[in-house]
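User: Please take a close look at one part of this model. I would like a single strand followed outward, through its partners and whatever packs on them.

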Amino acid sequence: MSKRTIHSFFSPPAKRPKASLETLSRRVSPPPVDKEPFSERIIVEAEDTPSDVPAKSTSHQTYPFPIADLPSSISEKIEELLLIASGNAINSQPHLDLLYFEPLIPQPTAYQLFRFLRSSLPFYRVKYTITRYGKSVDINTPRFTTVYGLDETSQFVSTSTTTENNPNVNQLTTRIAETSNPAKDVAPGKYKSCACPPRPIPPCLAMLKNLTEALTSDTYNFVLVNYYSTGQDSISYHSDDERFLGNNPSIASFSLGARRDFLLKHKPPGSGPGNGNKGQSKTEAGSAEKVYPGTTQIKLPLGSGDMILMRGETQRNWLHSIPKRSGKNNEADKGRINITMRKAMVPGGTENYYQYNVGTGPVYRWDEKRAEMRLWEEMKLERG
Ligand SMILES: O=C(O)CCC(=O)C(=O)O
Ligand SMILES: [Fe+2]
């Protein structure tokens, strides 16, 4: 097999001159560790916000609005990361296998990417009902979410075109084919119970997925995005151990924006796979104080640009959470994006992910002027 060059990991191939000596010498030194408080960074980095507002975007029949492509000032920096990235293993406790890149994306690129994704992606606030102890309970997901992708049994077969009236919008057209036979479209009922038709991963997130695949030597078919708008947004203790991910799944998890604590604790003795599954119940899986004998709870204060790879037996044995945080001048109130890459093996994974991350409710979009997530329908009316 021929050796892949760094550029072959990214599509479309970047049209740029070979790196200068100056950029190469910058690559060999490790990325600066970001110790500044997030609030100060906003002032400093406002000047670094990309001036080349992306001219291009991608539209698809399943997207509520066209999704901007990454500006080259961000994508070029991301391409370079493969050469400098190095993670630290966290594996000294039983069944725990983490690789922590602190950070993977240095400042100011991480902050630019945070602002770009917050304003470019459609988000949802998913509501659903579960049965707990025989009673119906309404759940309001305490964060904004969105998801793109398709499980291993199917694939998007895409064509991308631009029209003369709108040369800056790539019109992505897809059919969903069987992976086992790409000539064959999936049966109309295959994803019938999905909350919405599966959505192809937009180029701005595909770029990050390609980087992650090259870095971790794993492949992923789903990109899930969480937006924690304030310290009151959270995700309770759970493990991503759904059967549709297969045994010992690798999950890569990016943090952008405000620093938030990521807690991990070993599952209580006797709890099997599927316990603490956030998909259906998102129940608190035991109290934070109870720890499995011989283990301790871990707190990682994840900062902007950090990436944590959870792999091996971690999901089967450990729970993780982003707890609520309150208080005046709370950094968490500045907003944080989390992006996870996963690989779902069967259609049940596709159904689960769209049901719990898109759902059937309204679309939200970041309003830069008001600095808040707003209903897209209202924003459209105002825009006229
Ligand atoms: O926001 C995070 O860092 C964690 C998100 C998470 O655990 C999940 O989406 O399953
Ligand atoms: Fe998780």
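Analyst: What follows starts from one strand and works outward. The model is predicted.

Take strand E11, residues 222-228. How many of its residues are buried? The count is 7 of 7, so the strand is mostly covered, given that a residue is buried when 20 or more other C-beta atoms lie within 10 Å of its own. Its side chains split into two sets. Phe 222, Leu 224, Asn 226 and Tyr 228 point one way. Val 223, Val 225 and Tyr 227 point the other way. Both sets are buried.

Now the partners. Strands of a sheet pair through backbone hydrogen bonds, in either a parallel or an antiparallel sense. One partner of E11 is strand E7, residues 144-149. The two run antiparallel and share 6 bridges. Within this pairing, Tyr 148 has Val 223 of E11 as its bridge partner. Another partner is strand E18, residues 336-342. Here 7 bridges join the strands, again antiparallel. Tyr 227 meets Ile 337 of E18 as its bridge partner.

Go one step further, past E18. Strand E13 (251-257) is joined to E18 by 6 bridges, and these two strands also run antiparallel. Leu 256 has its bridge partner in E18, and that partner is Ile 337. Ile 337 is thus the bridge partner of Tyr 227 and of Leu 256.

Where does this leave E11 in the whole sheet? The sheet is open and has 7 strands, in the order E3-E4-E16-E13-E18-E11-E7. Its pairing is antiparallel. E3 (88-90) and E7 are the edge strands, each pairing on one side only. From one strand to the next, the twist averages 20°. E11 sits between E18 and the edge strand E7.

Helices come next. Helix H4, residues 109-120, lies across E11, E13 and E18. H4 runs at about 95° to E13. Helix H7, residues 347-357, lies across E7 and E11. The angle between H7 and E7 is about 150°. E11 is therefore among the strands crossed by H4 and among those crossed by H7.

One last site, on the approach to E13. The loop between strand E12 (235-238) and E13 holds Asp 241. An unreviewed UniProt entry annotates Asp 241 as "binding site". Is Asp 241 buried or exposed? Asp 241 counts as buried, because it has 24 C-beta neighbours inside 10 Å, and the cut-off is 20 or more.

Methods: Residues are numbered from 1 along each chain as its sequence is written. Chains are lettered from A and ligands numbered from 1 in the order in which they are written. This is a predicted model: local features need pLDDT of at least 70, side-chain atom pairs count only at pLDDT 80 or more; totals for chains, interfaces and linings use all residues. UniProt positions are given in the numbering used here, feature names are shortened, and annotations may be inferred rather than shown by experiment. Helices (H or I, at least four residues) and strands (E, at least two) are DSSP runs, numbered from the N terminus. A residue is buried if 20 or more other C-beta atoms lie within 10 Å of its own, exposed if 12 or fewer, and partly exposed in between; C-beta atoms are placed from the backbone. Two strands pair if DSSP finds at least two bridges between them. Axes are lines fitted to C-alpha atoms, for helices over the stretch in contact, and angles run from 0 to 180 degrees between N-to-C directions. Two residues are in contact if their C-beta atoms, placed from the backbone, lie within 7 Å.
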